[in-house]
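This briefing goes with the sequence and coordinates shown below. Its points are grouped by topic, so that each can be checked in a viewer.

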Amino acid sequence: VGKSLGAIAENQGLNLNEALLKIMEMTSLRALVFYKNLNLELILKSLTSPKALLASNAASLPESMQVIKHERFTNTFTRYLEAVLSQKMPIETAVKKITFQPASVFNLKNRGVIKEKYFADVVLWKDNKTQAVFVNGQLAYEEGSFKNIFAGQLLKRS
């Protein structure tokens with residue numbers, strides 16, 4: 001906690017890549033790593049990699065309940081879609097990386113696809129603006145306003 005990747009690598013006698021892989025292994029992919037001085041070209045390459053998954057570290061709260069106002073509360077995934085679609089990634093592939101693939105990797109049963117008896121969150125957007133959000137089939141957000149619907153469920157790895 002609070003160590004740089006360089007400090008961890010030095011302490012363990014590893015190079016930076018080996019240290020990162022060791023942290024990922026030791027924490028079963030549950031560590032949070034914050035990185036400054038991001039290289040946009042490298043980020044885009046990473047986001048379009050078949051091995052990359054995407055997540056947000058923001059709580060899903062209505063804007064009125066957010067203590068800190070930050071764009072990751074409201075547009076992490078729309079920014080991701082803008083970025084990868086500009087790199088010519090097919091929309092189907094981009095959406096799969098934030099739905100089906102994470103559900104598969106984390107063994108989340110009955111999630112990740114729109115299918116009968118599955119849990120599904122559906123986002124409708126137009127011109128990169130979110131129009132509506134359905135959480136487990138219930139309209140939770142529409143045209144800029146939250147509907148006070150809390151149909152989500154806590155997910156735990158199986």
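**Sheet, loops and surface**

Strands β2 and β3 run antiparallel and are joined by four bridges. The model is a predicted one, and its chain holds six helices and four strands, which follow one another from the N terminus as α-α-α-α-α-α-β-β-β-β.

**The sheet**

- The four strands make up an open sheet with antiparallel pairing, in the order β1-β2-β3-β4; its edge strands, each pairing on one side only, are β1 (121-126) and β4 (145-146).
- Within the pairing of β2 with β3, valine 133 has tyrosine 141 of β3 as its bridge partner.
- Glutamine 131 belongs to strand β2, which spans residues 129-135, and its C-alpha lies 5.0 Å from that of glutamate 143, although the two residues are 12 apart in sequence.
- When residues up to four places away in sequence are not counted, glutamine 131 touches Leu124, Trp125, Lys126, Tyr141, Glu142 and Glu143.
- Glutamine 131 counts as partly exposed because its relative accessibility, 31%, falls between the 20% and 50% limits.

**Helix α4 and its contacts**

- Threonine 78 is located in helix α4, and it is classed as buried because its relative accessible area of 14% is under 20%.
- Once neighbours within four places in sequence are left aside, the residues in contact with threonine 78 are Asn128 and Thr130.

**Loop residues with positive phi**

- Most residues other than glycine have a negative phi.
- Lysine 88, which is not a glycine, nevertheless has a positive phi of about 70 degrees; this residue sits in the loop between α4 (76-86) and α5 (91-97).
- With a relative accessibility of 73%, lysine 88 counts as exposed, because the value is over 50%.
- Asparagine 136, also not a glycine, has a positive phi of about 50 degrees, and its place is the loop between β2 and β3 (138-142).

**Surface and burial**

- Leu20, Leu21, Met24 and Leu29 make a nonpolar surface patch of about 350 Å².
- Of these patch residues, methionine 24 is found in helix α2, which covers residues 16-26, and it is partly exposed because its relative accessible area, 35%, lies between 20% and 50%.
- The chain as a whole exposes about 12,400 Å², of which carbon and sulfur atoms supply 56%.
- Of the 158 residues in the chain, 19% are buried.
- If contacts in the chain between residues at least 6 apart in sequence are considered, 30% of them join residues at least 24 apart.

**Confidence of the prediction**

- The chain has a mean pLDDT of 83, with 86% of its residues at 70 or more.
- Confidence is lowest in α4, where the mean is 85, and highest in helix α1 (residues 5-12), where it reaches 93.
- Where pLDDT is low, predicted coordinates should not be read in detail.

Technical notes
Residues are numbered from 1 along each chain as its sequence is written. This is a predicted model: local features need pLDDT of at least 70, side-chain atom pairs count only at pLDDT 80 or more; totals for chains, interfaces and linings use all residues. Side-chain values use heavy atoms; hydrogens and water are left out. Patches are made of residues with over 30% relative accessible area and no salt bridge: like charges are joined within 9 Å, nonpolar side chains (Val, Leu, Ile, Met, Phe, Trp, Tyr) within 5 Å. Accessible areas come from the Shrake-Rupley method with a 1.4 Å probe; for residues, only the protein chains shown count as cover. A salt bridge is a side-chain nitrogen of Lys or Arg within 4 Å of a carboxyl oxygen of Asp or Glu. Helices (H or I, at least four residues) and strands (E, at least two) are DSSP runs, numbered from the N terminus. Buried means under 20% relative accessible area, exposed over 50%, partly exposed in between (1.4 Å probe, protein chains only). Contact means heavy atoms within 4.5 Å. Two strands pair if DSSP finds at least two bridges between them. pLDDT is the predictor's confidence in each residue, from 0 to 100.
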